[in-house]
Amino acid sequence: MELVRATEAAAIRATPFIGRGDKNAADRAAVDAMRTFLGTVNFDGLIVIGEGEKDDAPMLFNGEHVGNGRGPACDIAVDPIDGTSLTAAGRQNALSVIAVSDRGSMYNPQDVFYMDKIVTGPEGKGLVDIRKPIGENIRALAKAKGKSVEDIQVAVLDRPRHQELVREIREAGAGTRLLLDGDVAGGINAARIETRIDMCIGIGGTPEGVITACAVKALDGFIQGRLNPQSDTERTAALAAGHDLDRVLELEDFVSGHNTYFVATGVTDGGLVEGVRKIGPIIRTESIVLRSHSGTIRRVVADHLVEKWL
């Protein structure tokens, strides 16, 4: 619940900026709120996945310690708003996210901002592989799920770099769900049982891949990734940092801890959770809490007095 309070605070503080066209202002408000609440949590948290250098973050940066220093030593991944552009435009699926695992168990994607990723539910284990053609993966997953290929839905970020991938998915006979942003929600929905998305694939953020893996672990799903530098400068930095760009990362490579938490609060409405809404004197939030050790999925709907947030 302490982690939920941090994502709730970030989501609430970002709300005034929904649809206002200023993603940086929304992000700053969410970062400030999350950092404040994380400072009260009973743990010694080390941020492995933070706002990072590409966000020029003054706080919640990689390597920062959060919490009050008492309690367990943990690795932390934060994204105060996954989907700042979605928030600024007033679109769906913006989330405030925190993932936590045991100290030293979370993959650090230093110097590489992008990676290829593929996520499915548990049916994909031992069948789906990022090294295989997408059509082959779709057919294998359809058979495992007892569905026709035509019923398979694949989530992909709507980016020019994915034009060929989208064409191949459709040629295989499956449908696409094109995401404007926020591939954390896309990956989680691919791993969940009750959604219409069967697979999430494509090049997205490496930090988001690690965060998604923490949720996938609690959902007993399947994820693979492979670093994909998007420039010569990034490739050089990745090699200098000792990364193997041909290595396929499995779930245990992303996060090896056995007590992983994933917490997300909706900023705007989406398929995972509803966004923040003001109802008279209250502000209502919806969050989802996943824990790998117990295999539990909890939904937390909270009403906050508006006067406490003025």
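Asparagine 93 counts as partly exposed, because its relative accessibility is 22%, and values between 20% and 50% fall in that class. That's our way into this predicted model. Asparagine 93 sits in the loop between α3 (84-89) and β4 (95-102), and its phi is near 80°, a positive value in a residue other than glycine. From there we go to two helix pairs, then to a few single residues.

**Another positive phi**

- Aspartate 220 also has a positive phi without being a glycine, with a value near 60°.
- You'll find aspartate 220 just after α7, in the loop that runs between α7 and β9 (222-227).
- Aspartate 220 counts as partly exposed because its relative accessibility is 44%.

**Helix α7 and threonine 212**

- Helix α7 covers residues 206-219, which is 14 residues.
- From first C-alpha to last, α7 reaches 20 Å, close to the 20 Å expected at 1.5 Å a residue.
- Is α7 mostly covered or mostly open? It's mostly covered, with 14 of its 14 residues buried.
- Threonine 212 is part of α7, and it counts as buried because its relative accessibility is 4%, with the cut-off for buried being under 20%.
- Setting aside residues up to four places away in sequence, threonine 212 touches Val119, Asp183, Val184, Gly187, Ile188 and Ile223.

**How α6 meets α7**

- Helix α6 (residues 183-191) packs against α7 at an angle of about 25°, and the two axes are 9 Å apart.
- That angle makes α6 roughly parallel to α7, because anything under 35 degrees counts as such.
- The crossing of α6 past α7 is right-handed.
- On the α6 side, the contact is made by Asp183, Val184, Gly187, Ile188 and Ala191.
- On the α7 side, the contact residues are Glu208, Ile211, Thr212, Ala215, Val216 and Leu219.
- Sorted by character, the residues of this α6 and α7 contact come out as 7 nonpolar, 2 polar and 2 charged.

**How α1 meets α2**

- Helix α1 (residues 2-14) and helix α2 (residues 23-38) have axes that come within 7 Å and cross at roughly 155°.
- The pair is therefore roughly antiparallel, since the cut-off for that label is over 145 degrees.
- Like a good many helix pairs, this one needs a handedness too: α1 passes α2 in a right-handed crossing.
- From α1, the contact uses Leu3, Arg5, Ala6, Thr7, Ala9, Ala10, Arg13 and Ala14.
- From α2, the contact uses Ala26, Ala29, Ala30, Ala33, Met34, Phe37 and Leu38.
- By class, the contact of α1 with α2 has 12 nonpolar, 1 polar and 2 charged residues.**Helix α1 by itself**

- α1 has 13 residues and reaches 19 Å from its first C-alpha to its last, close to the 18 Å expected at 1.5 Å a residue.
- Why is α1 largely enclosed by the rest of the structure? Because 10 of its 13 residues are buried.
- The buried residues of α1 are Leu3, Val4, Ala6, Thr7, Glu8, Ala9, Ala10, Ala11, Ile12 and Ala14.

**Lysine 23 in α2**

- Lysine 23 belongs to helix α2 and is partly exposed, with a relative accessible area of 39%.
- Beyond its neighbours within four places in sequence, lysine 23 is in contact with Thr84, Ser85 and Ala88.
- Lysine 23 and aspartate 44 are 21 residues apart in sequence, and their C-alpha atoms are 30 Å apart in space.

**Isoleucine 118 in β5**

- Isoleucine 118 is in strand β5 (residues 114-120).
- Is isoleucine 118 buried or exposed? It's buried, with a relative accessible area of 0%.
- Not counting residues up to four places away in sequence, isoleucine 118 touches Val128, Ile130, Asn137, Met199, Cys200, Ile201, Phe222, Ile223 and Gln224.
- One of those partners, valine 128, is 10 residues away along the chain, with 8.7 Å between the two C-alpha atoms.

**Serine 148 in a loop**

- Serine 148 is found in the loop between α4 (134-145) and β6 (153-157).
- At 31% relative accessibility, serine 148 counts as partly exposed.
- The C-alpha atoms of serine 148 and alanine 174 are 8.9 Å apart in space, while the two residues are 26 apart in sequence.

Notes: Residues numbered from 1 in each chain as written. Predicted model: local features only at pLDDT ≥ 70, side-chain atom pairs only at ≥ 80, totals over all residues. Heavy atoms only, no water. Helix = DSSP H or I, 4+ residues; strand = E, 2+ residues; numbered from the N terminus. Expected span 1.5 Å × (residues − 1). Buried < 20%, exposed > 50% of the residue type's maximum accessible area, 1.4 Å probe, protein only. Contact = heavy atoms within 4.5 Å. Axes fitted to C-alpha atoms, helices over the stretch in contact; angles between N-to-C directions. Parallel < 35°, antiparallel > 145°, perpendicular 65-115°, else oblique. Left-handed = near helix turned anticlockwise from the far one by under 90°. Nonpolar A, V, L, I, M, F, W, Y, C, P; charged D, E, K, R; others polar.
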